[in-house]
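Here is a brisk report on one protein chain. It covers charge pairs, packing, aromatic rings and the surface.

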Amino acid sequence: MNQILWLLAFTLVGCYGVTLSWGLLAVSAVCVASAGLSSAVVGFRDGLHSSKLDWLICVVALYFGGRAWFSPVWDIAKEDVLLLCMGLIVYWGFRSVKMTGSALTVIAGFILVNGIYFCVQKAGGDLWLPLDGVSQLAQSTPNFGLFQDYGAMGNAMAVVGMSFLSWAVLAQDLKVRGKYLLGVLGCVALILAFFSGSRSTVFSLIVAGGLMLLVLWLRAGVFDETAKKRMRLLVVLGGACAAVLVGALSLRTFAERDNKVVSTGVVTESNIRASYWGMAVDQWREAPLVGEGARAYSFKLVDFWEDSLASSDATPEFVHNEYLQVLADYGALGLFLLLVVLGLHWSAALRSVLLADKIFSVRWMSLAGLLGITVIMVHSFTDFPLRLPFNMFLAAVCLGWCVSGEEKGERRKRIEARKSTSLDDKPTKKRREERDSETGGGKRIKDKGLAAIMILLSAGMLLFAGREVWAAAPLVLENQDREGRAGAANGGEALLEAYTLANGRSPDFRRSQRLAKIYHSRYGRGDEAAFSRAEEFYKESLLRHPYNSAPLLNLANLYRDAEMYANAEKYYDLAEPYVASRDWHFKYYTHRAWMMIAQAENAYRNKEFIAADQYLIGAGSLVKQGSSASKPRLNIERDCHVSRVRMAVARGAYDAATDLWLETRKQVKPWVINDKEARVYRALGEVYYAAALREWKTREPELAKTLFLKSKKLYGLDKRVHGNKGGTQRDANVANIEKYLEVLEMGGF
C-alpha cells in the first residue's frame, strides 16, 4: 500500500508539477502527504534511522517555515510552505522505504511521454495538452512538450539524464537489460535537455559532466595498476567524445535560441537578469539578516526598479537566481542555512563515492544524487527551477540519494561485520563499541522522534492541502486551474459561482480579485448593482495582498467608469509606484489619460470649455510618459488634439481652432492622422460643416463660406484616405456644400 501511494504521488507530481497552479500543487501535496503519512506510521512502528543532519534539516525547515508564516503576504508565502513540506516528506520518505524503483518508473514514464509530445509538436502535430486550462502558454509554446517553460524542461531533463546515466554506467548489481534501458532513457532525457533551448541547462550539464569524469578518474585508483590505466584511458576517451558531442549540441542550442550569440558572441538577456539580481541585492540590504519574507521579491522589486530595465522587458515575479531569491526573501541567515544543507549533502555523496573500499551500487546511488543536485545548484544561478513542484521533487530525491548510498553502505558493512563474528563469541560492551566504531554504527540512531515529526508534518499538510483541494475543485471543473489566468476575463454565471464558492471555502487574494473583475465587467455592461460587489471584492483582495498592483489599478478604473473621479485619483496615486515602471503591461498612463478625457467630456457638457481643454492637454501630456505599446498611446494623443480642435470649432473659436490644427499637424505623426481607422478628416469635416450651417442660419455668409470651404477640403482629404468606403453621408454633405457655395457666389460672396 505504501508503494502504491508513493507511485500515485510521484505520478501526480510528474503530471501537475510542471505548472505554477496553486490548485494542482495542492492536489499533488495531498498525495505526497498521504504517502508520507503511511511511511511515517511504518517508521514509527519500526523506528527511523536519524542523524545529526536530519535534526539540522528540522531546524532549517523551522526557520524557513517561520519566516514564511510571518511574511507580509500569506497568500503568496503559503506556496513556499507547501513546497518546503513536500520536499521534506519526499526526502525522508524516500529514505525510509524502498521506493527507488517506483521513483525511477515514474521518472522514466515522464521522460517517454514528454519526449513523444515534444517530437510530435516539433513535427507540427496538434496534440491535446492537459495544461490548456493551466497555462496560456500551452498553445503558444508547443516545443516544450508537457512543460510550459523551456528552462523548466531543460533543468528537469538534465537532472534525470545525468542521474540515469550514472546508474546505467556504474551500478554494479543491475541487470544488463536494466542498464541498457536506463542508458537509453538517460540519453533521451539529455537530448531533450539540449533541444529545450535553455542555455543554463548547457552550463549545468557541462559542470555535472566534468564532475562525473573527475569522480571516475579518482575511483579508478581502487583497481590494480593495469586496470587503473585502462579505466583512466576509457575516462579520457569517453570524456573527449562527450566534449565533442556536447560542444556541437551546445552550439546548436545557443544558435536556435538566439542567432546573435553565434555572430557576436554576446549572450542576450544577461543585462535583464543582471537588473533582476541588482534589485534583489538592493532589497536584501533593507533586511540583511532575515530578509523581507517569502516571495516578497515579487512585490517589493518596484521599490528598487532598475532604470536601465525597460518596461517591456518582463514582469518579473522571481529573481531568476535561486540564491539571490533566498537572500532577498529569507536573508543572509536563510541563504547560509540553505548552503550548509546543500554542502553537507554534496560532500557526503562525494565522500561516499570516493572513500568506499568497494564499488557497490548503493555508492553509485550517491553519485546519481551528487550529479543531480549539481545540475540543480548550477542551474539555480540563472533560473528559478525549484518553484515548480516537479523540480522540487527531483531535488528532494537527489538529496535523498546523496545520503541513501552512504547509509545503505554502512548497513552492508554492519551486516558483514556481524556475519564475521562467531556465534560462540558473545560480544562484550567494549567489543560492540569497537564494532560500531569500525562500521559507523554510532553515526545513525534508530528512534521514533523523526517518525513522529514526519507524522505531524504529513498530517498537517494533508489537512491544509486538503482544504485547498476542496476549495479549488469548482475552479478545476471550470477550467480555471491557474486561478484566473485562463478563460474569458468577464466570465459567465458558472465561473462567477465557481469563484464565489472557492473564495468562500478558502479566501485568497487572486480569487477575490477575479470576482471583482467579473463584477466590474458586468457593471461596464450596464449592471448598476454590480458596482458595489466589484468594489467590495477589490478591497478584499487588497486587504489580503496590499502590495498587489492589479486591484489598485482596477479599482481606480472602476471609480473612473462610475465618474467618481476623486476616488479614482486616490487609487491611481496608490497604484503608480507599483505599475508606472511596468507600464508596458499595466498601461497605467493610458488608463489615467482616459480618466482625464472622461473629465474633459463631463466639463464640456457643463459648458466648462477652458477646464475641458486643460483636461485634454493633460491627457495628451500624460500619455506621452507611458512606455506601453506605442500605437494606442499615439492614438490617444492624436484624439486629444483633434478633440480640442473640434471643441474650438463647436464653440465658435475658429481662429483658435486653426492654430490648434496647425499645432496638431506639427506634434502628431502624419501616419497617425492618416490612419484609416481614425477618420480624422471626416470628423473635422463634419464639425466644420455643422459650424458652417450654424453661421449660415445666423446670416454670416462670409464666415459660412470660409467654413464650408474648410469642410469641403477636409472631406476631400478623407476621400483620398478612404476612397468611397463608408462615404455616403460625406458625399451627400459635399453635394450640399456645392449648392451652398453656388448660392453664396450668386449673392456676391
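## Salt bridges

The structure holds 24 salt bridges, each a side-chain nitrogen of Lys or Arg within 4 Å of a carboxyl oxygen of Asp or Glu. This is a predicted model: local features need pLDDT of at least 70, side-chain atom pairs count only at pLDDT 80 or more, and totals for chains, interfaces and linings use all residues. Residues are numbered from 1 along each chain as its sequence is written, and side-chain values use heavy atoms, with hydrogens and water left out.

Three of the bridges are set out below.

| Salt bridge | N to O distance |
|---|---|
| Asp75 and Arg544 | 2.8 Å |
| Arg285 and Asp282 | 3.3 Å |
| Asp508 and Arg510 | 2.9 Å |

Asp75 and Arg544 link distant parts of the chain, 469 residues apart. Asp75 sits in helix α4 (residues 74-96), and Arg544 in helix α21 (residues 530-544). Helices here are DSSP runs of H or I with at least four residues; strands are runs of E with at least two; both are numbered from the N terminus. Asp75 has a relative accessible area of 2%, so it is buried. Arg544 has 30% and is therefore partly exposed. The cut-offs are under 20% for buried and over 50% for exposed, with partly exposed in between (1.4 Å probe, protein chains only).

Arg285 and Asp282 are a local pair: both lie in helix α12 (residues 270-286), three residues apart, about one turn of the helix. Arg285 counts as exposed because its relative accessibility is 57%. Asp282, at 24%, counts as partly exposed.

Asp508 is buried, with a relative accessible area of 0%. Its partner Arg510 is also buried, at 17%. Both belong to one network of salt bridges that share partners, together with Lys78, Glu79, Asp80, Arg295 and Arg387.

## Fold and core

The protein chain has 32 helices and two strands. Of its 749 residues, 53% are buried. Among contacts (heavy atoms within 4.5 Å) between residues at least 6 apart in sequence, 73% join residues at least 24 apart.

In soluble globular proteins, nonpolar side chains tend to be buried together. A nonpolar core is a set of buried Ala, Val, Leu, Ile, Met, Phe, Trp, Tyr and Cys residues joined through side-chain atoms within 4.5 Å. The largest core holds 169 residues; Val32, Trp92, Met157, Phe164, Phe393 and Met461 touch the most other members. Helix α14 gives the most to this core, with 14 residues. Another core lies apart from it, with 31 residues, among them Ala691, Leu714, Val721 and Leu744.

What does Phe164 touch beyond its neighbours within four places in sequence? The list is Leu104, Ile107, Ala108, Ile111, Leu182, Leu185 and Gly186.

Leu342 lies in helix α14 (residues 322-354). It is buried because its relative accessibility is 11%. Leaving out residues up to four places away, Leu342 touches Ile373, Met377 and Leu399. Leu342 and Met377 are 35 residues apart in sequence, yet 8.6 Å apart in space, C-alpha to C-alpha.

## Aromatic rings

The whole structure yields 20 aromatic pairs. Rings of Phe, Tyr and Trp (its six-membered ring) pair if their centres lie within 6.5 Å; planes under 30 degrees apart are stacked, over 60 edge-to-face, and the rest tilted. Tyr91 and Trp92 form a tilted pair, 6.4 Å centre to centre with 55° between the planes. Both residues are buried. Tyr523 and Phe531 are also tilted, at 5.4 Å and 55°. Tyr523 is buried, at 12% relative accessibility, as is Phe531, at 14%. One aromatic cluster joins Trp22, Trp69, Trp74 and Phe464.

## Positive phi

His320 is not a glycine, but its phi is positive, about 65°. The residue is found in the loop between α13 (297-300) and α14. His320 is buried, with a relative accessible area of 17%. Arg679, also a residue other than glycine, has a positive phi near 55°. Arg679 lies in the loop between α29 (670-673) and α30 (680-697). At 48% relative accessibility, Arg679 is partly exposed.
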